[in-house]
Each structure stands twice: as C-alpha cells, then as structure tokens.
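Dear colleague,

Please find below the structure that I am handing over to you. A short account of what was found in it follows.

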Amino acid sequence: MARSLRAVAGFGLLLAILLAGFLAVILWHDRSNRLDAAQRQSQALVTGVDRLLQSELATVERALEGIASDGRRLFDRVPEDAPSLLQASIEDVLSRNLVLHSVELVNDSGQPLEFGIGDLSMPVWTRVSMPAGGTRLQVGPLQVADGGEPLLRLAMPMEPGRWLLARLRLGEAQEAVVGLDAGRRGVVAIATAQGELVAHSQDPARWVGHRVATPLDSTMLLPPDDGEYRIAAVSAPARFPLQAYVGLARSDVLAPWWPLMYSAIVLYLMYWFGFGYLLWSMRGNLAEQRRLGEELRTGAAELALAHRVGRVGTWWMDAAGELHWSRSSQRIFGLPQRNARRDDVLARVHVDDRAMLASMLDDTWAGKGPMSVMFRLFGAGGSMRWLSARGELVQAPRTAPRLTGALVDVSERIEGEARIEAAERQFRLVFDRSPIPMWLFDLQTLHFLEVNHAALEQYGYSRDEFLSMSILDIRPADARSEVHESLGLAREGHVRDAVVRTHRRKDGSLLEVRGHVAGIEFGGVQACMVLAEDVSKSMAYERELAYRASHNAETGLLTVRALAETLDFRGGPCTVAYLQLRGLRMIGDTLGREAGDRVLHALVARLGGLGARWGLLAYEPGEDFVLAISGDQDPQRALEALQEVVAEPVRTPDSWHQLEARIGVATGAAGEQAEQVIGRAAQAAHAAHEDRVPVCWFEPGIADRLSERLRLAGRIHQAIEREEFVLHFQPIQHADDGSVAALEALLRWPQPDGSWIGPDQFIQLCEDTGLIIALGRWVIRAAAAAQRQLVMAGFGHVPVAVNVSAVQFFGSDLAGDFVRAIEEFGLERGALQVELTESSLMHKPAQALQAMRLLHDKGISVSLDDFGTGFSSMSYLQHLPLDTLKIDRGFVNDVEFNPRNAAICRALLSLGHSMGLKVIAEGVETPGQQAWLAAHGCD
C-alpha cells in the first residue's frame, strides 16, 4: 500500500506537469489567435472606412467637376450672365449633395469673385496638398462654421484664375467612424495629409481638429493617450490625401481570453485539490488498513476471550462420523480429547435427548437445513451441562463435505429461566404485599388493570372502585394536560420516570408522589406499571435543603453562587460591590466563636437593610459580603450608604470593633454572566487592599496586574521544571584571617535576554502560591551538587548554607529533603547548613523546635539569619538547637563609627557566645567593619 501511494504520487506529479504544459500551450495558442484575428479585423475595418471615405470624396469630386464644367461653358458663351447662372447651378448641386456646406467661386488668391467669403489661406494649402492619382480635388484644413460645426475645405481649379472652393460637412464621416464596432476602448479616426483629425470615434468634440504626426502608421498611438495598447491598421492614401486609422484595444480583444485563463487555473487547482484529496484518502486508507489489521488481531484475541468468558466453542463432523471440536471447547466442557466417534459422544448425552440429537445430525448431513438443538451432556466428572448446538452442512469446492457449527454452554441460561419463573411468582407476591402503592393501567384507555393493597389504603378506594377508574381520576383537574402529554411520550417509548406529581385521594386531600414508571405488556395489552412513592415529607425537606443551599446558615443571606444565579435569571444591567472586612475572622479566632458570631450578626443586621434597599446581599463565609445594586438604583448613592455603614465600629455588649473595609466595584451589562461581574468586583477589592484605598472601581489594568502575577507564577512553575534557576555563592569568611569558612547559596533567575530576575521579585509570589516548596527542594539539591563539586576540587571542608522559607520550613519534610540530597551526592555530615529567619521561627515556636531538633539529629547545622530583627524571646531562643547566629546587616553598617550599632553588635556577640554559638556578621563591606568585628570576637 505504501509503495502504491508513492507510485500514485509520482504519476500525479508527472500528470500535473503535463497538464500545466498542455494548458499553457492552449492558452498561448488561443491568445495568439485572438491577437491575429484582431489584427485582421482592424485591417478590414480600416479598409471599409477608407472605401467609404474615398466613395464620399469621389461623389463630391464629381459634383465639383460638374460645376466646373458648367462654369467653363457659361464663361465661354455668356460671360455677362455666367456668375448668376453658375450660382444657380451651385445651389442645385448643394440641394442634391447635403454633405456640401457651401461652394464658392474664388480667384487664385482665394478671394471670392462674385459671392461667398472666400479663403485667403487657399494658396498655401493647395500648394501643400498636391492632388494624386488623377484627381484635381485638393483637401485643405478644417474650418469651424459659425454654429461650431467642423467643415473640411476642398478646392478644385475650374480654369486659369478661377477656383471652386467647397466646404464639406463631416457628419457622415463621423457617423461612419462611430458606428464601427471597434470595441469599448477601440479608436477609429480619419486624418488629413497635414495630420489634422477630421473624425474620431471617442469624444469627437475634443479630438476633431487635433493634430498628429504624419504620415500615419500602425505603430502610432492616437489620442486618447490612456496607456492602452492597441492593435492598429492604417490605410494608405490613394486618390485623396486622407488616411483612416483603426486601433482595437488589446484589453477588449483579450477580454474573452481572461475567463478562459482563469478557468484553466481553476481546472489546474481543482486537479491539485483532487490529487491532494486522493493522496490524503489513500494515506487515510493506509492508516485505516493498519488500524483494521490491528483491530483484527485485537478482535481475534477478544474473540478468544469471549469464547472463554461466554463458554462458546466450535465443532465439526466429517463424513466418517468423526466429531472434532476446538481447543476452547475441550477446555470449556472438560472433554478428555479433541475428537471422538459420533456414537461415543452420543453416549455422553442424556438419554432423553440422545435420539433427538442423533436425528438432527442425520437430517443436517442429508442437507435438510441447518440444525439448532439443546441437549444435556455429561462431563468427565459426571456433571451435567445444558448445551446449545448450531450447525450446517458445508460443501466447499475441492474439499470434502462436513458439518460445522458452534457449541454454547447454556446451563446458566436454563437455570436463569427457572429462576425467572420463580421470580415471577415472587413478584406477584411482592406486588400484592408491597407497602408502596403500585398499579397497572392501559396506555390507550387509561383504565386501571391491577392495583395492590397499599394503593387501596393510600388513596381510600376499594379494589372495585379502583378498577372502574382511570388514571385521570386520581389527578387534579388542572393536571390533565400534563397527563396526556406524558402518555403521548410513553406511547412513543419515552417514559418520564421518577417525576414528582400531585395526586388526589378519595377524600380530596392531596399528596406528592414520585412515580416510577415502566412500560410492560400485560395480558396482551400495552400497559404501564407505576410505583407511587409518597414523597410529601421528603419534598418539603428538599425545599428546606434548597433554601439552605442558596442561603448561608450563619447569616440567612444568599450565597454568592445563589446571588449570581438570581442575577442571571433576572437579566438586565447591574452594579456589584464586593466588600472585604479585614479583621472579622480574627475576632472569632482570638475572642472566641461566640464573640465572632455576635459581630457577624451585627454586621448582617446593618448590611441586610442595604440589601433590601438597594438590591440583593450575599455573604461569602469568612470576611466578604457582596451587594448587587439593581439597575434602577443609583450606584454612587448605594456605595456611599455602604461606606457609611461599614465605617461605624461594630459594638457588642462587652466590646467594640473597628474593621478595615475594602470595596471593589464592577458593572455588568445586560446579558453578561453575573459570576464574571462578581469576579471583577472581587479583583477590584483585592486591588483596593493592595493600594490602601477604601473603594476601587474595576478597570482592565487591575485584571492585567493580577493576571501578570498568575502568569509569573506559571513561568516560575515551568522554570522549576526546566531548571532555569541558578545558584550563586557568597563566601562566609573567618574574621581573623579571611579564609573561607562556608558558602551561602544565593538564588538567581537568568532570562533569555541576558537580564536577571532577583529573588525579591518572585520569592513572595512563590510563598503565596506554594511553589516555594518545589523551588526550595531544587535549591537544596543544587546546593548538594555544588558541595559535591567542592569535595572533588579538594574543598570538602567548606559547607554550603541554604536559606529556607518559613512556608517550606513548616509545610514540607525539610529534614527528609536534606537527607535525600546528602545521600544522593554522598556528602558528609555537616556538608549542608540551614539558614532560618528569626521571624519565621517565632511564627510557630513549638513546631519550629521539633523541626530544628530533627535537622540537628541528621547532622545539619542551623543558623539563625537576620538575628536582632525578629523581636525573639531570649528565653525561648536558648532552648533552640542552633549552631550559628547571623547579625543583620543593618547593625553591621557603620559599626566602627556608629556607637548605637556598635553597642548592639557587642551585645549580640556576647549573647551568641554565651549560648555557645558561632556568630556571623552579614554585609561586611569595608576593612574597618572587618577589623572592628574581628577585634570584638566575631567568628
């Protein structure tokens, strides 16, 4: 399959290359054909325009030749009347040739001889526009008539000294140009020999009269200059000095080609999509084939297991009457061997079933159909089993016919059926004597079919009365619609089970009943069996529990969850004030629970009025209350009232208490989950506590700040797992000679950008989140590894001191962590030391004493860090198993100059030595400090 997948992929890639080449050739050929056809079309159009133009000018030429001929005869025969007669002839010609605007008789200078306005520029353009091809008609420049109509000037010599000056209207030429199908952006134009455009298919008012370079050719770009490439053709001037230009826009020519190209691209992409889908399908089929193979292997194992569990085996019998059975059959039925003669097997069959089994075997072997029989078989130990045998005659090509089938041990089923019969008798007895009302009713008619004695007692009816009634008679009138709906579902197979409904007794009293319903067939009728459990008392108890679940037992106020559900049910906007009362829990812890309850109830009495006035009030056990201000109330006024209430000290009969109140406020829009709004208000309350303000409104920055702490905690967790932390070591030197007495492990967190995060930025967060325990264990192990390196380097006498957090000290097996690290790295006793702060020991003195003794017993020295800052009890310290005292750096600073610090250091040195402890000074930075401390006995 994998080889065929690679073959299909190679063939598909080759076919894709061939298809791409084929489509490219077709597109290129089609494009070339369209461009060639456009060239031919432009040549045909320009030919047509030229023929039309030449025909029109020839007509004008004949008209002027006729006028010239008439004029010569008139001036020869009647010279006096010739002008007037000639004028009459011209008017007749003008009336028949509407394309002629006017015809005048002028001299060689263009001055009119009898009538008209003449044209003084005629001598110029008649010399330039020399006639060709046997015509005497000369074409001049354009002239604009008084009405703005462009006219083409024409001249023809009549006789020496006399010319016919004509002005030709260009309307028909312009119509012919515009009427040609040159496309939306195509250009058709006519120009004179001087390059003056006399007709233009696009915007003639702008371009007629515009001059272009002459002579025209197909490579020129005639206006408009719109950047459009045009496939052009130009007519060669024949008899008259006018040229026609036709340019078909390539965009118009190729417009039908682009859809073809896009179709080819889509076709190619569809090929790739189909090819990719084929590969994906084949890959999926390959994976499916492997999965099915695995399933077949698994299925075979499961089938074997099912045969063992279900006590199913296979058998077959050949033509010689030899019976064979599978290994599983031999094992399941305790048969001594895997084959036997038919008569030997029948000898083990119960005598009552032997003839029937023999007959079934004979009939099946004779081809009368498959066999299915149950019989009793005696095993090797004499035990009897019920067996179900199925089989049929198998006649495969080129193999001998044989009977084959399956054998199932149905002893348990037979025994189960017997037990069912007994159970049915017992059920009838239980039904009749059950203390819980039970009945059967017809699903169609709703009439009762059977009822037990408990139902008669519960509902007060006699048996005959019950059996004459329907299920509707024991339900209130307003419940009939629900009854029909439930019965409709029951007829469709959807039974509403364990639903609590209200029933009515004969005396009219009501009771709540949980109906356990089951559909059964009773006497050939589809019926329902109902066990009607009276739950009136339990339902009342559940309602009481529901109240307790939604209300705090101590205060009677809503729980926060119930408040959120209520707000969600009501919908609409709301404002939530989250009130934290610091010190409330401490009252109960210090003065006793009774005093704490009195203060709590006093607060509830105050705040309960606010809840009734402004919205809803909930209590979070501990120190928090939540006030949900209704959307129709003024939040500011409600907050002012809340602040006023909590600002007043709480008075009890024997004391008064001032609590620290912090209020977080958040608003929620209509449809927003109330739990989210309460959560934002709680965040704002935490921010108010951190910022030491009484009220804090929620803003996104608060969530970002809290989220940043959570993200940092997540980063710390990952950093611990990835071992991103490192240890730096600070030497602890002997005061007299400066030699290294020990190393203090300092934790640092390097960052990918080369910066460092100091412990002051993450230790407190680790303590708040409990990560300090995992981090501390890593530090202990890293310090042990470092001490092992010191041993390898010949400095095994230098111990490593590890600072331990109070959370780690009291919340973990600290001694066990140190012992495991020491054993892992093979360290000597005293190789690791523990440094504890004075304040952490005073937190839980008894537990601290026990933990320190355990450390001391394991050979781990204990140093008391920052000594002198924790206000320790001297009488308590003398019992602690300490080895070293460390004077806080605040006392060492300026000890050689500051008498106060000097006095404190002398007292601490004297105290430590008197207790038999070594004394270490922290933060020694100057030679003067070292000299003073050495002189006064600092170790």
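I begin with one pair of side chains: D30 and R34 form a salt bridge, with their closest N and O atoms 2.6 Å apart. The term salt bridge is used here for a side-chain nitrogen of Lys or Arg within 4 Å of a carboxyl oxygen of Asp or Glu. Both D30 and R34 belong to helix α1 (residues 2-77), where they are four residues apart, about one turn of the helix. R34 is partly exposed, its relative accessible area being 25%; buried stands for under 20% relative accessible area, exposed for over 50%, and partly exposed for what lies in between (1.4 Å probe, protein chains only).

Please note that this is a predicted model, in which local features need pLDDT of at least 70 and side-chain atom pairs count only at pLDDT 80 or more, while totals for chains, interfaces and linings use all residues. Residues are numbered from 1 along each chain as its sequence is written, and side-chain values use heavy atoms, with hydrogens and water left out.

Two further salt bridges link distant parts of the chain.

- R136 and E65 form a salt bridge whose closest N and O atoms are 3.0 Å apart. The two residues are 71 residues apart, R136 in the loop between α3 (122-128) and β2 (138-144) and E65 in helix α1. R136 counts as partly exposed at 30% relative accessibility, and E65 likewise at 26%.
- R376 and D353 meet in a salt bridge at 2.9 Å, N to O. R376 lies in strand β12 (residues 371-378) and D353 in helix α10 (residues 351-365), 23 residues apart. Both R376 and D353 are buried.

In addition, a network of salt bridges links E744, E835, K886 and E922. The count of salt bridges comes to 26.

As for the chain as a whole, it has 31 helices and 34 strands; these are DSSP runs numbered from the N terminus, helices being H or I of at least four residues and strands E of at least two. Its radius of gyration is 57 Å, whereas a compact globule of 939 residues would have one near 30 Å (taken over C-alpha atoms, the globule rule being 2.2 Å times the number of residues to the power 0.38). The C-alpha trace spans about 160 × 120 × 80 Å along its principal axes. Of the 939 residues, 43% count as buried.

With kind regards
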